[in-house]
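Okay, everyone, thanks for coming. I've got one structure for you today, so let me put it up on the screen.

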Amino acid sequence: MQGVLTGFAVIAVVIGVGFVIGRRGYLGEHGREVLTKLAFHVASPALLFTTLAAADLSVIFSSRLLVTALSTAAAAGVFVAVGVVRRWGIGRTTIGALCSSYVNSGNLGIPIAVYVLGDASLVAPVLLFQVIALTPIALTILDLAGGGDKGPLWRRLITPLRNPIAVGSLAGVAVSASGLTVPGPVMDPLTLIGNMSVPAVLLAFGISLCGSTMPGRGTDRHPVLLSVALKSVGQPAAAWALAAGVFGLRGAPLLDVVVTSALPAAQNLFTYASRYRVGEVLARESILLSTVLSVPVLVVVAALLG
């Protein structure tokens, strides 16, 4: 328990430093964007590659992956059911379902996996499931529903496979599965670059907190509050029930799947909403609220299961 709290304290301190940097303007008006792009396109793919290249694939492709898939489907399914009854529309319901179940495995998931769970590879199952299965399904629905800047359907379907984090993860899995050993002159620079991922992400998140407005008060209030409730409480509760009650997970494996399910909604969901011009306010406010609530939720999860 002490180690988990220490991990959260480390994360909070670095986020606080990022907030101060943002308030002082030390990195200029584009500092957060630069840090985010550095982490997303360079550092995080390197970190996941070096981690997964030496990982035990039995840990990745295990019952944890099934728990992730089922808890995701449960949270998204509840939002879809309510959206259909309330007639929120296909596009907005799809965005809301993503905000209810699509976790921030790339930005916050990696540092939390490193500092709280002690292994960055533990976030790989949820990350791979989202970029390979969940994202193509959601983008296909948004395409068929119409709206936004639409390109060829085949191009939308392969978009997740051009995601640098997905490429880094898949490359690491391929190396691990092949049994090959990456030479030191190749692995060492990648390791050094990967070490930038966690601090860059946390600093960027701290900067993003500057100037945030109070969400959950506009016309999208009800879908926002529903998606946040499902993301912050419903999905981790479903993951716990499935992991402990159905799959019999205990100890560290149980903590791993519940913590990853309790991560907030991913920031790239706002990118999808903006591109298709649907549910933009819903995405932005859901992401912000679930991110704020994820801190006490994760502390409680760690206290109960750690």
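I'll go from the overall picture to a few helices, then to some single residues. Keep in mind as we go that this is a predicted model.

So, the overall picture. What does the secondary structure come to? It's 15 helices and zero strands. The chain has 306 residues, and 50% of them count as buried. On the outside, the chain exposes about 13,800 Å², with carbon and sulfur atoms supplying 67% of that area. And for the contact-map people: take the contacts between residues at least 6 apart in sequence, and 83% of them join residues at least 24 apart.

Okay, on to the covered helices. Helix 13, residues 251-261, is mostly covered, with eight of its 11 residues buried. Which ones are they? Leu254, Leu255, Asp256, Val257, Val258, Val259, Thr260 and Ser261. You'll notice that Asp256 is on that list of buried residues, along with Thr260 and Ser261. And what do the buried residues of helix 13 pack against? The partners are helix 4, helix 6, helix 7, helix 12 and helix 15.

One of those partners, helix 6, runs over 109-117. Helix 6 is mostly covered too, with seven of its nine residues buried. Those are Gly109, Ile110, Pro111, Ile112, Ala113, Val116 and Leu117. Just after helix 6 comes Gly118, and Gly118 takes a positive phi of about 85°.

Helix 4 was on the partner list as well, so let me pick a residue there. Thr68 sits in helix 4, which spans residues 63-86. Is Thr68 buried or exposed? The relative accessible area of Thr68 is 5%, under the 20% cut-off, so Thr68 is buried. Leave out the neighbours within four places in sequence, and Thr68 is in contact with Val126 and Phe129.

Next, helix 15, with Leu282 as the example. Leu282 has a relative accessible area of 0%, so this one counts as buried. What does Leu282 touch, leaving aside neighbours within four places in sequence? The list is Arg92, Ile95, Gly96, Cys99, Asp220, Pro223, Val224 and Ser227. If you like C-alpha distances, here's one: Leu282 and His222 are 60 residues apart in sequence and 9.4 Å apart in space.

Cys99 from that contact list brings me to the cysteines. How many disulfides does the model have? The count is zero. Cys99 is buried, at 1% relative accessibility. Cys210 comes out at 22%, which lies between the 20% and 50% cut-offs, so Cys210 counts as partly exposed.

Now the aromatics. We describe a pair of aromatic rings by the distance of the centres and the angle of the planes. Searching the whole structure turns up one aromatic pair. The rings are those of Phe79 and Trp88, with centres 5.4 Å apart and planes at 40°; that angle falls between the 30 and 60 degree cut-offs, so the pair is tilted. Both Phe79 and Trp88 are buried.

Out on the surface, there's a nonpolar patch made of Phe19, Val20, Tyr26 and Leu27. Together these residues have about 390 Å² of accessible area. Val20, for one, is in helix 1, residues 2-24. The relative accessible area of Val20 is 43%, so Val20 is partly exposed.

Last stop, backbone angles. Most residues other than glycine have a negative phi. Arg87 has a positive one, near 60°. Where is Arg87? In the loop between helix 4 and helix 5. Arg87 is also exposed, with a relative accessibility of 77%. Then there's Arg277, again not a glycine, with a positive phi of about 55°. Arg277 lies in the loop between helix 14 and helix 15, and at 60% relative accessibility Arg277 counts as exposed.

So, to wrap up: we have 15 helices and zero strands, helix 13 and its mostly buried residues packing against five named partners including helix 4 and helix 15, one aromatic pair, and two arginines, Arg87 and Arg277, with a positive phi. That's it from me. Happy to rotate the model to whatever you'd like to look at.

How values were computed. Residues are numbered from 1 along each chain as its sequence is written. This is a predicted model: local features need pLDDT of at least 70, side-chain atom pairs count only at pLDDT 80 or more; totals for chains, interfaces and linings use all residues. Side-chain values use heavy atoms; hydrogens and water are left out. Helices (H or I, at least four residues) and strands (E, at least two) are DSSP runs, numbered from the N terminus. Buried means under 20% relative accessible area, exposed over 50%, partly exposed in between (1.4 Å probe, protein chains only). Contact means heavy atoms within 4.5 Å. Accessible areas come from the Shrake-Rupley method with a 1.4 Å probe; for residues, only the protein chains shown count as cover. Rings of Phe, Tyr and Trp (its six-membered ring) pair if their centres lie within 6.5 Å; planes under 30 degrees apart count as stacked, over 60 as edge-to-face and the rest as tilted. Patches are made of residues with over 30% relative accessible area and no salt bridge: like charges are joined within 9 Å, nonpolar side chains (Val, Leu, Ile, Met, Phe, Trp, Tyr) within 5 Å. A salt bridge is a side-chain nitrogen of Lys or Arg within 4 Å of a carboxyl oxygen of Asp or Glu. A disulfide is a pair of cysteine sulfur atoms within 2.5 Å.
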